[in-house]
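Colleague: Before I plan anything around this protein, I would like to go through its fold with you step by step. Could you take my questions in turn and show how you reach each reply?

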Amino acid sequence: MKNYFSFLVLILLIAGMETDAQKLSPGDGVKIIFLDITDQISGDYSIQPDGNLQLPFIGIISTSNKAFTVIKKEIYEKYDSLYKNPELNVLALYRINILGEVNSPGYYYTTEDQKLTGILALAGGLTSDANLDNVYIIRNDREVELDVETIMREGDTASDFGLQSGDQIYVPRSFWSDTGRFTWIFSAITAVVAVAVIFLNN
């Protein structure tokens, strides 16, 4: 009975790993970087609506219902059959949406090895009103908080802080950038001080 329970737990863990594994969707892509051949293969390649990925010399790779690690391995093995032990790097290319206090909000492509500063630079960088301390990801209608201080200090990449296909990165507005709010607070403080002065004088 104990062995059966252990086996069941193992199966659930494996299933969980498969669920959490990064997958690519139509509209995403891969970046191919060859370092030791002259054939024109290096470049960015998009996944078609049917889930297929067309690559030079090796044809179609199906990406549907596959973790990126599986796709990457398949690409390497097919190119290895043409170029023995190639110096090949295959990176996931995610299509994400960058919103909020950036100069050019919109959809962009980023690789898994891109750092947060580089990702934000895709959207023209931060505005002067940006609150970098409270940047978060919107994923499937829920918010995922980012520990920006740690990400910056450690130099974490998109893969490190868990960026996924379809994510929206939101940069909020600084509290103090709203002049109307600042004016209201200043007025409120002035009124409180005035009342206190009158009370003390009486």
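Modeller: This is a predicted model, and from the N terminus on its elements run α-β-β-β-β-α-β-β-α-β-β-α-β-α. I will take your questions from there.

Colleague: How many helices and how many strands does the protein have?

Modeller: The order of elements, read from the N terminus, is α-β-β-β-β-α-β-β-α-β-β-α-β-α. Counted by type, the protein has five helices and nine strands.

Colleague: Which strand supplies the largest share of the largest nonpolar core?

Modeller: The largest nonpolar core has 39 residues, and among those that touch the most other members are V30, I32, L55 and L163. Strand 1 (29-34), strand 3 (52-55), helix 2 (68-80), strand 5 (88-100), helix 3 (116-122), helix 4 (148-154) and strand 9 (168-171) each supply at least two residues of this core. The largest share, six residues, comes from strand 5.

Colleague: In which sense, parallel or antiparallel, does strand 5 pair with strand 9?

Modeller: Strand 5 is joined to strand 1 by six bridges, and these two strands run antiparallel, with F34 having L88 in strand 5 as its bridge partner. Six bridges also join strand 5 to strand 6 (residues 106-111), again in an antiparallel arrangement, and there the bridge partner of I98 is G106. With strand 9, where N97 of strand 5 has Q168 as its bridge partner, the pairing extends over four bridges and its sense is parallel.

Colleague: Through how many residues does the hairpin join strand 5 to strand 6?

Modeller: Strand 5 and strand 6 run antiparallel and are joined by six bridges. The hairpin that joins strand 5 to strand 6 does so through five residues.

Colleague: Is Y109 buried, partly exposed or exposed?

Modeller: Y109 lies in strand 6 and, leaving aside its neighbours within four places in sequence, is in contact with G27, D28, L93, Y94, R95 and L122. Its C-alpha atom is separated by 8.8 Å from that of I119, 10 residues apart along the chain. Because its relative accessible area is 40%, which falls between the 20% limit for buried and the 50% limit for exposed, Y109 counts as partly exposed.

Colleague: Which residue in the hairpin of strand 3 and strand 4 takes a positive phi?

Modeller: Strand 3 and strand 4 (residues 59-62) run antiparallel and are joined by four bridges, and L53 stands opposite I61 in strand 4. Three residues lie between the strands of this hairpin. Most residues other than glycine have a negative phi. The one that takes a positive phi here, near 70°, is F57.

Colleague: Is F57 buried or exposed?

Modeller: F57 lies in the loop between strand 3 and strand 4. Its relative accessibility is 57%, and because exposed means over 50%, F57 counts as exposed.

Colleague: What is the relative accessible area of N85?

Modeller: N85 lies in the loop between helix 2 and strand 5, and it has a positive phi of about 50° although it is not a glycine. N85 is exposed, and its relative accessible area is 62%.

Colleague: How many residues lining the second largest pocket are charged?

Modeller: The second largest pocket has a volume of about 160 Å³, and its lining is made up of I138, R139, N140, D141, R142, Q164, S165, G166, D167 and Q168. By class, this lining has one nonpolar residue and five polar ones, while the number of charged residues is four.

Colleague: What separates the C-alpha atoms of Q164 and R139?

Modeller: Q164 lies in the loop between helix 4 and strand 9 and is partly exposed, with a relative accessible area of 30%. Leaving aside its neighbours within four places in sequence, Q164 is in contact with Q22, I96 and R139. Although Q164 and R139 are 25 residues apart along the chain, their C-alpha atoms are separated by 8.5 Å.

Colleague: What percentage of the residues of the protein count as buried?

Modeller: Among contacts in the protein with a separation of 6 or more, residues 24 or more positions apart account for 51%. The protein has 202 residues, and the percentage that count as buried is 32%.

Notes:
Residues are numbered from 1 along each chain as its sequence is written. This is a predicted model: local features need pLDDT of at least 70, side-chain atom pairs count only at pLDDT 80 or more; totals for chains, interfaces and linings use all residues. Side-chain values use heavy atoms; hydrogens and water are left out. A nonpolar core is a set of buried Ala, Val, Leu, Ile, Met, Phe, Trp, Tyr and Cys residues joined through side-chain atoms within 4.5 Å. Buried means under 20% relative accessible area, exposed over 50%, partly exposed in between (1.4 Å probe, protein chains only). Two strands pair if DSSP finds at least two bridges between them. On a 1 Å grid over the protein atoms alone, a cavity is a set of points where a 1.4 Å probe fits but cannot get out, and a pocket is an open set with protein on both sides within 12 Å along at least five of seven lines; lining residues have an atom within 4 Å of a point. Grid points are joined across faces, edges and corners, and a volume is the space filled by probe spheres set on the points. Ala, Val, Leu, Ile, Met, Phe, Trp, Tyr, Cys and Pro count as nonpolar, Asp, Glu, Lys and Arg as charged, and the others, Gly among them, as polar. Contact means heavy atoms within 4.5 Å.
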